[in-house]
Amino acid sequence: MSVSLWQDRSKTSNSAISEFDIVIIGGGIAGVSTAYWLIQENEGLKIALVEKGQLAEGATGRNAGFITCGSVEHFNRLVGKHGAKEALEIWKFSEDNLALLQEHIIKGSAADIQFEKNGSFSLASTEEEFIELKKSYEIMKELGIEVEVLGQEAIENRLNASGFVGGIKYINDASVHPVLLLDKIYDQFRDDKNFTLLENSEVFNIEQVGENKRVHTKSGRLDTPIVIMATNGYSAQLHPFFEDKIYPTRGQILATEPLPKLLEGPCYANFVLDYFRQTPTGEIVIGGFRQLKKDTEVGYSDEVTDVIQEALEDFLKKHIPSIKENKITHRWSGIMGFSADGQPMVGAIPSDPQVYFIGGFTAHGMGLAFNCGKCLVDVLFDREIPSFISAKRFA
Ligand SMILES: Cc1cc2nc3c(=O)[nH]c(=O)nc-3n(C[C@H](O)[C@H](O)[C@H](O)COP(=O)(O)OP(=O)(O)OC[C@H]3O[C@@H](n4cnc5c(N)ncnc54)[C@H](O)[C@@H]3O)c2cc1C
């Protein structure tokens, strides 16, 4: 959002300029994970995390809660693009993300944050997609990734879902309540005396002042040698570098009232474009169908539209007929950041090297951002990170 001269209270309030070692912009899973890893690295760093709304205001508070491995496409396609060796590394990167979350954050509190490790499914509505899934299965098995093939009957029995010709199950995937997970990460450092959270503080300008960056929010100014943008889908609003690198893309969802247990685990359908799962408290959450209206499902507006919401309802009625009559309690949308190649971007802006960034999760940040935050700290401390997430690949 733009800010007028009159709304910029830092011009009139005589507020002191606060000084920090690092200012992180964005209170989603990427920004909060980065803060966590920075504090692990060096407790003495004076860090501010600045968020325009409240923590989890953006996509992190609005997603479906899948913590899945891999990428935006079936594994056979990932191998086609990257080769088997790098495709396996990409897969393992998200496996590591989950392992790190379990070791550092979730520990013994899985039930408190509705974390479940029931695997996830990719379901094919057509023979053509099932052929690709079976190809993926063969390659994955060969590479040592745990995966299972399911026929139509198994899908009906284990997922109470009809209209799918077959599918595969990724054994080690998980799901979570995304806001409770974010709170849990934040709990690890919220009392750190060198950490400051500034909510309701939209950043509208990052200015060079001498050797420092000055971060302008409506209510105040922060000086720092290092800025980290963890603004994902919103990044181009703040810095032109992202205009042709991270594309704001809207995703829509609906949720039903709680139902008796129907689904063994979270499911993707239609080449990873559509998805549904049942929460531990029984609600069915279903999202996707932006492919129906590619022209409207871009930009920064978080409205819901009839076309997509009706498509979500029709999908539910067709594939899980037993829930035809149940009440829909919530409908919402969120803005995702898509990168050009579907992989996240971690690095610094070449023409503005004091500004680092983490984003471009392409609808998979829950399965990537914790590990990417760790990698961003590696970049800050001059350590190598995997080339497939390094922003240098676009230099
Ligand atoms: C409908 C939907 C379903 C999804 N489902 C899944 C899923 O099941 N699994 C999965 O892995 N991923 C899913 N995603 C994607 C996932 O939510 C994102 O990849 C992830 O949340 C990105 O986290 P982030 O911290 O980078 O971005 P965000 O959570 O968007 O955080 C960015 C933050 O920056 C703040 N901000 C922006 N501009 C400014 C500014 N100028 N000043 C201050 N603060 C600012 C925003 O308010 C926001 O809180 C889904 C996304 C959507 C929208």
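Me: In β13, which residue is the bridge partner of Ile25?

Reply: Strands that count as paired need at least two bridges between them, and each bridge sets one residue against another. In this predicted model, Ile25 has Met229 as its bridge partner in β13. The two strands concerned, β2 and β13, run parallel and are joined by 4 bridges.

Me: Which residue stands opposite Ile25 in β3?

Reply: A strand inside a sheet can be read from both of its sides. Ile25 stands opposite Val50 in β3. Strand β2 covers residues 22-25 and strand β3 covers residues 47-50; they pair in the parallel sense over 4 bridges.

Me: Following Met229 onwards, what stands opposite it in β20?

Reply: Phe357 of β20 stands opposite Met229. The pairing of β13 with β20 is parallel, over 3 bridges.

Me: What is the strand order of the open sheet of 6 strands?

Reply: Read the order from one edge to the other: β9-β3-β2-β13-β20-β19, and the pairing is mixed. The edge strands are β9 (195-198) and β19 (345-349); each has a single partner strand, so one side of each lacks a neighbour in the sheet. On average, neighbouring strands in this sheet are turned by 20° against each other, with direction ignored.

Me: Which strands of that sheet does helix α8 touch?

Reply: For a helix on a sheet, take the contacts, then the angle. Helix α8 (residues 369-380) packs on the sheet and touches β13 (226-229), β19 and β20 (352-359). The direction of α8 makes about 165° with that of β20.

Me: How should I read the open sheet of 8 strands, and which strands stand at its edges?

Reply: Use the same steps. The order is β6-β7-β5-β15-β16-β17-β14-β18, again with mixed pairing. At the edges are β6 (147-151) and β18, and each has a single partner strand, so one side of each is left without a neighbour in the sheet. The average turn between neighbouring strands here is 20°, direction ignored.

Me: In which sense do β14 and β18 pair, parallel or antiparallel?

Reply: They pair in the antiparallel sense, over 11 bridges. As one residue pair to look up, Gly251 stands opposite Gly334 in β18.

Me: Which helices pack on or lie across these strands?

Reply: Helix α4 (residues 152-159) packs on the sheet, with contacts to β5 (120-124), β6, β7 (166-170) and β15 (267-269), and its direction makes about 100° with that of β6. Helix α7 (residues 306-319) lies across β14, β15, β16 (274-278), β17 (284-287) and β18, at about 50° to β14.

Me: Turning to the ligand, which residues come nearest?

Reply: Start with the shell, then its members. There are 37 residues around the ligand, and those that come nearest are Glu51, Thr60, Phe66, Val203 and Met366. By class, the shell has 17 nonpolar, 15 polar and 5 charged residues.

Me: Which polar backbone atom lies 3.1 Å from a nitrogen atom of the ligand?

Reply: For a polar contact, look for N or O pairs within 3.5 Å. The backbone atom at 3.1 Å from a ligand nitrogen belongs to Ala64. For ligand oxygen atoms, a polar backbone atom of Gly58 is at 3.3 Å, and a backbone N or O atom of His364 is at 3.4 Å.

Me: How much of the ligand's accessible area does the protein cover?

Reply: Compare the ligand on its own with the ligand in place. Alone, the ligand has 1000 Å² of accessible area, and the protein covers 98% of that. Elements giving two or more residues to the shell are α1 (29-41), β14 (246-256) and β18 (328-339).

How values were computed
Residues numbered from 1 in each chain as written. Predicted model: local features only at pLDDT ≥ 70, side-chain atom pairs only at ≥ 80, totals over all residues. Heavy atoms only, no water. Near = heavy atom within 4 Å. Polar contact = N/O pair within 3.5 Å; in protein donor to acceptor, adjacent residues only side chain to side chain. Areas by Shrake-Rupley, 256 points an atom, 1.4 Å probe, with all protein chains shown as cover. Nonpolar A, V, L, I, M, F, W, Y, C, P; charged D, E, K, R; others polar. Axes fitted to C-alpha atoms, helices over the stretch in contact; angles between N-to-C directions. Contact = heavy atoms within 4.5 Å.
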